[in-house]
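Work through these exercises with the model open beside you. Try each task before you read its solution.

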Amino acid sequence: MSAMTVTDPADVGTGRVGLTDTLSQTLTLAWRATMKMRRSMEVMFDVTIQPLVFTGMFAYIFGGAISGDVESYLPWIIPGLIGQTVLTACVATGVQLRTDMDTGVFDRFKVLPISRIAPLAGPMVADLLRYFIASVLTFAVGIAIGYRPGGGVLGVAGAVVLAMLAGWSLAWIFTLFGIVGRNAQAVQGISLLVMFPLTFLSNAFVPTETMPDGLRAFAEVNPVSLVITAIRDLANDGAVTADVGWALLGCGVVIAVFAPLSVRAFNRRM
């Protein structure tokens, strides 16, 4: 692993860190997180085993009941499962952060003249690899069982990129949970309590038109629904629609709100 770039010692007291140094430090910590993934492959089960199991299970259990047959259900469920799998992977971001904080990893960063956002952003950049694997595997399993994305290669590629961006933005929410939580178990419990409503009260598995009015209203403004609709437009039709724009705007809003909150909470802990 390359040496971490540090700032001039004269800047340590003032907390000034240049943009170039911040980027270098973030990439170095991203490489560290990637190496941890390689050494502990069990942390990858949620983005490797889960797509295999969930894609087959949801397609064959609910396909006939919801769409009449599995093949007709695949264009709906595959993008939905990508959103669900990426959101599940985000939970691990906060849990791993809390684990590192509890085991003293971040205590070492206190004495280093590095950017305060780098220890947070580095692992999150590494997690982009997890979101990529989850998205590609879900598409691959879907194609293996009969899914034929109308958007072609470009549409699928755009859907994967959007899923990765959405995962990165939503991970800031769980990063905040990781910082303020008491321990890793508490962080996981809180994260799952948030993740399940966002996932199941969305358009991931069924059309919102089938829901009662109250649930339908929530599902239609749910940011996960916005992202999944955009993924469907890209993968199934190859179309860059207004829903894609709304999804990108939603990701930007989540980052604008939760990234500063996470950094502020992290600085108080550090």
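**Exercise 1. Place Val-244: which helix holds it, is it buried or exposed, and what does it touch?**

Step 1. Find the helix. Val-244 belongs to helix α10, residues 242-269. Helices are DSSP runs of H or I with at least four residues, and they are numbered from the N terminus.

Step 2. Check burial. The relative accessible area of Val-244 is 7%, so this residue is buried. Buried means under 20% relative accessible area, exposed means over 50%, and partly exposed lies in between, with a 1.4 Å probe and protein chains only.

Step 3. List the contacts. Setting aside residues up to four places away in sequence, Val-244 touches Ala-230, Leu-234 and Ala-239. Contact means heavy atoms within 4.5 Å.

Step 4. Take one distance. Val-161 is 83 residues from Val-244 along the chain, and their C-alpha atoms are separated by 12 Å.

Two notes on the source: this is a predicted model, in which local features need pLDDT of at least 70 and side-chain atom pairs count only at pLDDT 80 or more, while totals for chains, interfaces and linings use all residues. Residues are numbered from 1 along each chain as its sequence is written, and side-chain values use heavy atoms, with hydrogens and water left out.

**Exercise 2. Test the span of α10, then say what its buried residues pack against.**

Step 1. Work out the expected span. This is 1.5 Å times one less than the number of residues. For the 28 residues of α10 that gives 40 Å.

Step 2. Compare. The end C-alpha atoms of α10 are 40 Å apart, which agrees.

Step 3. Pick out the buried residues. Among them are Val-244, Cys-251, Val-254, Ser-262 and Ala-265.

Step 4. Name the partners. The buried residues of α10 pack against α4, α5 (118-144), α6 and α9.

**Exercise 3. Follow Ser-169 and Leu-176: which residues does each one touch?**

Step 1. Start with Ser-169. Its place is in helix α6. Ser-169 is buried because its relative accessible area is 1%.

Step 2. Read its contacts. Beyond neighbours within four places in sequence, Ser-169 meets Cys-251, Val-254 and Ile-255. Cys-251 and Val-254 are among the buried residues of α10.

Step 3. Move to Leu-176. Leu-176 is also found in helix α6. Its relative accessibility is 15%, so Leu-176 counts as buried.

Step 4. Read its contacts. Leu-176 touches Phe-258, Leu-261, Ser-262 and Ala-265, not counting residues up to four places away in sequence.

Step 5. Look along the chain. Leu-154 is 22 residues from Leu-176 in sequence, and the two are 34 Å apart, C-alpha to C-alpha.

**Exercise 4. Find the buried side of α7 and what covers it.**

Step 1. Check the span. Helix α7 runs over residues 184-200; its 17 residues should span 24 Å, and its end C-alpha atoms are 24 Å apart.

Step 2. List the buried residues. They are Ala-184, Val-187, Ser-191, Met-195, Leu-198 and Thr-199. They cover an arc of only 85 degrees around the axis, so they sit on the same side of α7. The arc is taken from the directions from the helix axis to the C-beta atoms.

Step 3. Recall the geometry. An α-helix has 3.6 residues a turn, so residues three or four places apart point the same way.

Step 4. Turn the helix round. The face away from the buried side of α7 carries the exposed residues Gln-185 and Leu-193.

Step 5. Name the cover. It includes α3 (70-102), α6 and α9 (223-237).

Step 6. Inspect the N-terminal end. Asn-183 caps α7 there, with a side-chain oxygen 3.2 Å from the backbone nitrogen of Gln-185.

Step 7. Zoom in on Thr-199. Its relative accessible area is 1%. Thr-199 touches Gln-84, Leu-87, Ala-204 and Phe-205, leaving out residues up to four places away in sequence.

**Exercise 5. How many residues does the largest nonpolar core have, and which have the most contacts inside it?**

Step 1. Count. The largest nonpolar core has 72 residues. Such a core is a set of buried Ala, Val, Leu, Ile, Met, Phe, Trp, Tyr and Cys residues joined through side-chain atoms within 4.5 Å.

Step 2. Name the hubs. Ile-77 and Phe-139 have the most contacts inside this core.

Step 3. Assign the largest share. Helix α6 (residues 152-180) supplies it, with 16 residues.

**Exercise 6. Where is the confidence lowest and highest among the elements?**

Step 1. Take the chain. Its mean pLDDT is 84, and 91% of its residues reach 70 or more. pLDDT is the predictor's confidence in each residue, from 0 to 100.

Step 2. Compare elements. Helix α4 (residues 105-109) has the lowest mean pLDDT, 71, and α9 has the highest, 93.

Step 3. Flag the weak stretch. Over residues 5-14 the pLDDT is below 50. Where pLDDT is low, the predicted coordinates should not be read in detail.

Conventions. Helices (H or I, at least four residues) and strands (E, at least two) are DSSP runs, numbered from the N terminus. A polar contact is a pair of N or O atoms within 3.5 Å; within protein, one must be able to donate a hydrogen and the other to accept it, and residues adjacent in sequence count only if both atoms are side-chain atoms.
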